Amino acid sequence: MIRVLLAEDMHMVRGALVALLNLEQDIEVVAEVCSGDKILPMAAEYLPDVAIIDIDLPAKDGLSAASELYQQLPCVRTLILTSLGRPGTVRRALDAKVNGFLLKDAPADKLANAVRSVAIGRRVIDSELALSAWETEDCPLTPREAEILRLAANGHTVADIAAELFLSPGTVRNYLATVVTKLNARNRVDAIRIATDSDWL
């Protein structure tokens, strides 16, 4: 019997997934959570074989939780579910050492088979997504540049960003100018669009 932990914040979706998986004779959902910060404690308590994790979770995103599991409970294999098939997301998932990456609109039997494959140590990633991820460029931004651009994308002004990161407004403007140059963008708004489309934020 493959023991599964399911992390999904949408109650109806989680209920449907639990019902589908429990129909399989060799799969049992032993724990379910609705936020990313509960994944590691529940995994430590129930020691599932596979954790199925939605990428967009409250409190802690799915990839961060998967990375924590890899570091602290490497015996628990991870399968990421997402509605986002962007190459950058796949790259981040691979960097987080996840064992599988599946789109939410995949057929139900594909999910069960993915759980079985991940449980025995295979990596399951849609072939087209994997190829596009392989061909995607790495993010050219430093972590600080990405952080500043992320804050700008969320509507923070230069003064807001400077206060939050304990920088001078001039330093923040310099960072943003560097970001625009690195991304070959026309302006800050264009830089945010490029970075968002590439899933670098």
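**From Leu165 outward through a predicted model**

Leu165 lies in helix α8, which spans residues 158–165, and it offers a convenient point of entry into this structure, which is a predicted model. Leu165 has a relative accessible area of 12% and therefore counts as buried, since that term applies to values under 20%. Leaving aside residues up to four places away in sequence, Leu165 touches Arg144, Glu147, Ile148 and Leu151. For one of these, Ile148, the C-alpha atom is separated from that of Leu165 by 8.6 Å, with the two positions 17 residues apart along the chain counted as their distance apart.

The view from Leu165 leads on to helix α7, which covers residues 143–153 and in which Glu145, Ala146, Ile148, Leu149, Leu151 and Ala152 are buried. The cover over the buried residues of α7 includes helix α8, together with α9 (169–182) and α10 (188–197). Just after α7, Gly155 adopts a positive phi of about 95 degrees.

Helix α10, one of the elements covering α7, also holds Asp190. Asp190 has a relative accessibility of 5% and so is classed as buried. Two polar contacts can be described for the side chain of this residue: the side chain of Asp190 reaches the backbone nitrogen of Arg186 at 2.9 Å, and it also makes a polar contact with the side chain of Arg193 at 2.7 Å.

Stepping back to the whole protein, the secondary structure comprises ten helices and six strands, and the C-alpha atoms fill a box of roughly 60 × 35 × 30 Å along the principal axes. Of the 201 residues, 43% are buried, while the exposed surface amounts to about 10500 Å², with carbon and sulfur atoms supplying 53% of it. Among contacts between residues at least 6 apart in sequence, 62% join residues that are at least 24 apart. The protein carries 21 positive and 28 negative charges, and the mean positions of these two sets are 4 Å apart.

A final consideration is the confidence of the prediction. The mean pLDDT of the protein is 89, and 92% of its residues reach 70 or more. Among the elements, strand β1 (residues 2–7) has the highest mean pLDDT, at 98, whereas helix α6 (residues 127–135) has the lowest, at 59. Where pLDDT is low, the predicted coordinates should not be read in detail.

Conventions. Residues are numbered from 1 along each chain as its sequence is written. This is a predicted model: local features need pLDDT of at least 70, side-chain atom pairs count only at pLDDT 80 or more; totals for chains, interfaces and linings use all residues. Side-chain values use heavy atoms; hydrogens and water are left out. Helices (H or I, at least four residues) and strands (E, at least two) are DSSP runs, numbered from the N terminus. Buried means under 20% relative accessible area, exposed over 50%, partly exposed in between (1.4 Å probe, protein chains only). Contact means heavy atoms within 4.5 Å. Accessible areas come from the Shrake-Rupley method with a 1.4 Å probe; for residues, only the protein chains shown count as cover. Lys and Arg count as positive and Asp and Glu as negative; His and the chain ends are not counted. The place of a charge is taken as NZ of Lys, CZ of Arg, CG of Asp or CD of Glu. pLDDT is the predictor's confidence in each residue, from 0 to 100. A polar contact is a pair of N or O atoms within 3.5 Å; within protein, one must be able to donate a hydrogen and the other to accept it, and residues adjacent in sequence count only if both atoms are side-chain atoms.
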